[in-house]
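The following exercises ask the reader to work through a structure step by step. Each task is followed by a worked solution.

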Amino acid sequence: MRPTVLQFDRITLPEETEALRVEVRQFLQDNAEHLSRPNSDFTTGHDPAFSRKLGQRGWIGMTWPKRYGGGERSFFDRYVVTEELLAAGAPVSAHWIADRQSGNLILSVGSEAQRERYLPPIARGESYFSIGMSEPNSGSDLASVRTRAERVEGGWLINGTKLWSTDAHRNHFMIALVRTEPPSDNRHAGLSQIIIDLREDGAVIRPIRNMAGGEDFNEVVFEDVLVPEDRVVGEPGNGWQQVTGELAYERSGPERFLSAFRVFVELVRVAAERGDPALEAAVGRLAAHVATLRRMSISVAGMLEQGKSPEVEAALVKAVGNDFEKLLPEVARLATDDAIAAMPRLDGFREALADTLLLSPSFTIRGGTREILRGVIARGLGLR
Amino acid sequence: MSDSMLTDAAGRIFADLCDKALLDAAERGEFPAALWRALEGNGFHQLAMPDSGGTLADAFALIGLGGRWGVPVPLAEVLLANRWIGGSDRLATIGQVLDGRIVEAPWGRRADLVLGLDADRSAYVLVARDREAGAPLESGRNMAGEARDALAIPAGAEWVTLTEPAHAYLALARAVAMAGCLGRILDLSLQYANEREQFGRPIARFQAIQHNLAVMAGEVAAAGRAADAAVDALDGDRFELEVAVAKARVGEAAGVVAEIAHQVHGAMGYTHEHQLHHFTRRVWAWRDEYGNETYWQRRLGRHLIRTGADGLWPLLATRG
């Protein structure tokens with residue numbers, strides 16, 4: 001009766017995921033020295049030592065085949081690990097993109113040699129990937145990318161600029177969406193995905209300071225950068241289909257609604273100090289949102305587990321989740337008052353609030369803007 | 001009965017009988033007798049009874065479907081009243097006891113049996129009405145035009161203790177019905193946007209409309225998932241927490257969805273002639289019945305605050 005796009009299945013996580021959850025919590029407790037960040041944003045904590053520890057536990061590349069270093073575990077297992085890490089504010093940025101989408105892309109459309117070469121180090125938590133999609137003149141209109149890769153003797157010659165590549169200055173590889181054929185009437189044709197070795201290939205990487213003071217994203221310039229033949233992932237010319245296929249992985253995870261979660265935790269601490277009706281209502285309101293978004297995200301994990309590619313549902317989770325990430329600090333702020341602001345014990349609340357608010361503009365921009373997501377949903381509803 | 005058999009059978013009845021004319025008539029005070037007979041004939045009114053062959057979850061599925069169609073009979077009250085009093089073929093409804101009267105009883109005027117819940121909904125008083133004799137009653141209605149009646153409690157009426165969480169069941173019934181109703185409002189809005197032409201094309205082609213409908217779809221999806229989760233928690237020890245999540249989240253969605261639906265429908269949706277208001281007025285009414293968002297947010301919030309900051313995530317990270 002409901003339009004198919006709104007089918008979010010009722011899922012109960014398998015019992016074994018709960019044993020895993022206990023393991024993850026114990027691990028976090030044992031590695032508390034890595035948990036000092038005031039926010040739970042997935043892009044702000046780059047900690048290779050922590051990523052390697054996760055790799056040792058088998059918590060990166062969990063769904064991949066064992067022969068590539070994976071764990072052959074379910075998307076539910078992966079879901080549980082990722083949400084536990086984010087809720088605890090763990091520094092996951094180093095391996096996040098490699099684990100979430102680059103590895104999956106290589107696994108699904110990469111060559112056997114690429115799988116053997118790239119996947120095991122990712123799963124060990126030693127090899128990190130950045131996204132190379134946006135450009136100075138290509139943001140939401142991704143198909144307009146102008147970075148070119150030209151087939152030459154010995155490989156591909158790349159010219160152009162990628163922008164907003166998170167952690168490109170710290171990571172090992174980028175998968176860049178490039179034009180391998182001249183533009184034609186079909187603007188989605190002639191695009192390809194190419195692996196760039198960020199440390200060896202000669203790309204010029206310049207960190208860009210963001211308004212929160214961090215240096216996480218970058219400009220990456222390619223001037224006659226030559227990469228070997230075997231770096232193209234999938235079929236040359238098939239880049240657009242591959243990129244859109246990644247989106248179900250990219251858009252539905254718990255990082256799309258937990259970025260502001262530390263503020264919520266601190267708000268509960270405030271409320272425990274001084275209960276009042278406004279604080280109670282704020283805490284309850286936020287909890288109702290988190291509980292519901294989790295379930296929607298798990299429904300999408302269930303569809304991934306069934307081998308489906310739920311792009312519209314994923315876009316919907318991200319759209320609703322990102323709006324909630326922005327609502328959370330506002331609700332928390334307005335539920336408190338000057339008296340609370342003056343209590344030194346509650347410094348943690350103020351710090352988390354300020355930090356998260358400064359990061360918050362990125363929530364509804366990265367990984368597909370709110371406006372792009374609404375367009376995807378509208379298409380799913382048959383409106384365009 | 002399997003979920004889909006139940007909803008298929010009930011869905012056919014609602015689709016056949018629950019049209020705009022029926023909703024209008026009910027609002028004028030005419031009880032939809034044919035619809036009631038069809039439901040009764042299928043045994044739906046006793047679906048929540050322990051030996052009905054159905055489950056409480058089936059009953060909530062029926063209530064959700066009823067919400068989708070705006071069925072103008074007190075489905076939730078009939079189902080739960082029959083469960084608590086042990087079944088009756090007469091029409092039973094449920095109201096609240098206030099100052100010695102039962103108030104807010106859906107279709108009290110037409111009911112033979114009226115349960116009045118006490119203030120903390122842990123007990124009820126049962127009033128058998130003699131409708132033929134024209135037992136006195138004060139007719140009322142909620143903002144959706146649904147009958148909400150008041151009647152006196154006869155002297156000597158006895159209180160019966162409830163072992164089930166009546167308030168949570170009824171709040172969940174409203175949440176589930178709202179979720180169904182919100183799905184209908186989305187469908188109506190999608191249909192209207194595709195049919196209505198301005199500037200030479202369907203308004204669905206305009207990005208502003210598309211984005212509003214996308215927001216609506218997100219809220220409808222969230223409402224549905226929240227309501228389903230609370231139904232799934234019926235047998236667990238977290239049930240009342242999940243009802244709080246559902247009633248708070250669905251209620252929040254209701255306001256957003258109704259607002260956008262009317263904006264998309266323009267002046268047409270503001271007319272009595274169009275059916276949209278039957279559904280938007282219902283969600284506006286139901287979000288306030290059995291505890292509005294703030295009520296359930298505070299209950300949930302108090303529980304979380306007692307558990308403490310370090311217990312927040314473990315409490316939210318459930319399996320189901």
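**Exercise 1. State how many helices and strands chain B has, and decide whether its radius of gyration agrees with that of a compact globule.**

Step 1. In this predicted model, the secondary structure of chain B consists of eleven helices and eight strands.

Step 2. A compact globule with 320 residues would have a radius of gyration near 20 Å; the value for chain B is 20 Å, so the two agree.

Step 3. The C-alpha trace of chain B spans about 70 × 55 × 40 Å along its principal axes.

Step 4. Buried residues account for 54% of the 320 residues of chain B. Of the contacts in chain B with a separation of 6 or more, 65% are between residues 24 or more positions apart.

**Exercise 2. Carry out the corresponding analysis for chain A, beginning with its helices and strands.**

Step 1. Chain A contains twelve helices and eight strands.

Step 2. For 384 residues the globule rule gives 21 Å, and the radius of gyration of chain A is 21 Å, so chain A is as compact as a globular protein of that length.

Step 3. The box filled by the C-alpha atoms of chain A is roughly 70 × 50 × 40 Å, taken along the principal axes.

Step 4. In chain A, 55% of the 384 residues are buried. Where contacting residues of chain A are at least 6 apart in sequence, 76% of the contacts join residues at least 24 apart.

**Exercise 3. Determine which helix of chain A supplies the largest share of the side that touches chain B, and examine that helix.**

Step 1. The contact between the chains involves 47 residues of chain A and 42 residues of chain B.

Step 2. Several helices of chain A each supply at least two residues of this side, among them H1 (15–30), H8 (277–305) and H9 (311–335). The largest share, 17 residues, comes from H8(A).

Step 3. By class, the side of chain A that touches chain B has 27 nonpolar, seven polar and 13 charged residues.

Step 4. H8(A) has 29 residues, which at 1.5 Å a residue should span 42 Å; the end C-alpha atoms are 42 Å apart, so the expected span is met.

Step 5. Of the 29 residues of H8(A), 26 are buried, so this helix is largely enclosed by the rest of the structure. After H8(A) comes A:Gly307, which has a positive phi, near 80°.

**Exercise 4. Identify the residues that touch the most other members of the largest nonpolar core.**

Step 1. The largest nonpolar core has 224 residues, and B:Leu172 and B:Leu182 touch the most other members.

Step 2. Helix H6 (residues 166–195) of chain B gives the most to this core, namely 20 residues.

Step 3. Apart from neighbours within four places in sequence, the contacts of B:Leu172 are B:Phe60, B:Ala230, B:Val231, B:Val243 and B:Ala246.

Step 4. In soluble globular proteins, nonpolar side chains tend to be buried together.

**Exercise 5. Classify A:Glu16 and B:Leu6 as buried, partly exposed or exposed.**

Step 1. A:Glu16 belongs to helix H1 of chain A, and B:Leu6 to helix H1 (residues 3–17) of chain B.

Step 2. There are 13 other C-beta atoms within 10 Å of A:Glu16. A residue with 12 or fewer would be exposed, and one with 20 or more buried, so A:Glu16 is partly exposed.

Step 3. B:Leu6 has 20 C-beta neighbours inside 10 Å and therefore counts as buried.

Definitions and conventions:
Residues are numbered from 1 along each chain as its sequence is written. Chains are lettered from A and ligands numbered from 1 in the order in which they are written. Helices (H or I, at least four residues) and strands (E, at least two) are DSSP runs, numbered from the N terminus. The radius of gyration is taken over C-alpha atoms; the globule rule is 2.2 Å times the number of residues to the power 0.38. Two residues are in contact if their C-beta atoms, placed from the backbone, lie within 7 Å. Ala, Val, Leu, Ile, Met, Phe, Trp, Tyr, Cys and Pro count as nonpolar, Asp, Glu, Lys and Arg as charged, and the others, Gly among them, as polar. A nonpolar core is a set of buried Ala, Val, Leu, Ile, Met, Phe, Trp, Tyr and Cys residues joined through C-beta atoms within 7 Å. The expected span of a helix is 1.5 Å times one less than its number of residues.
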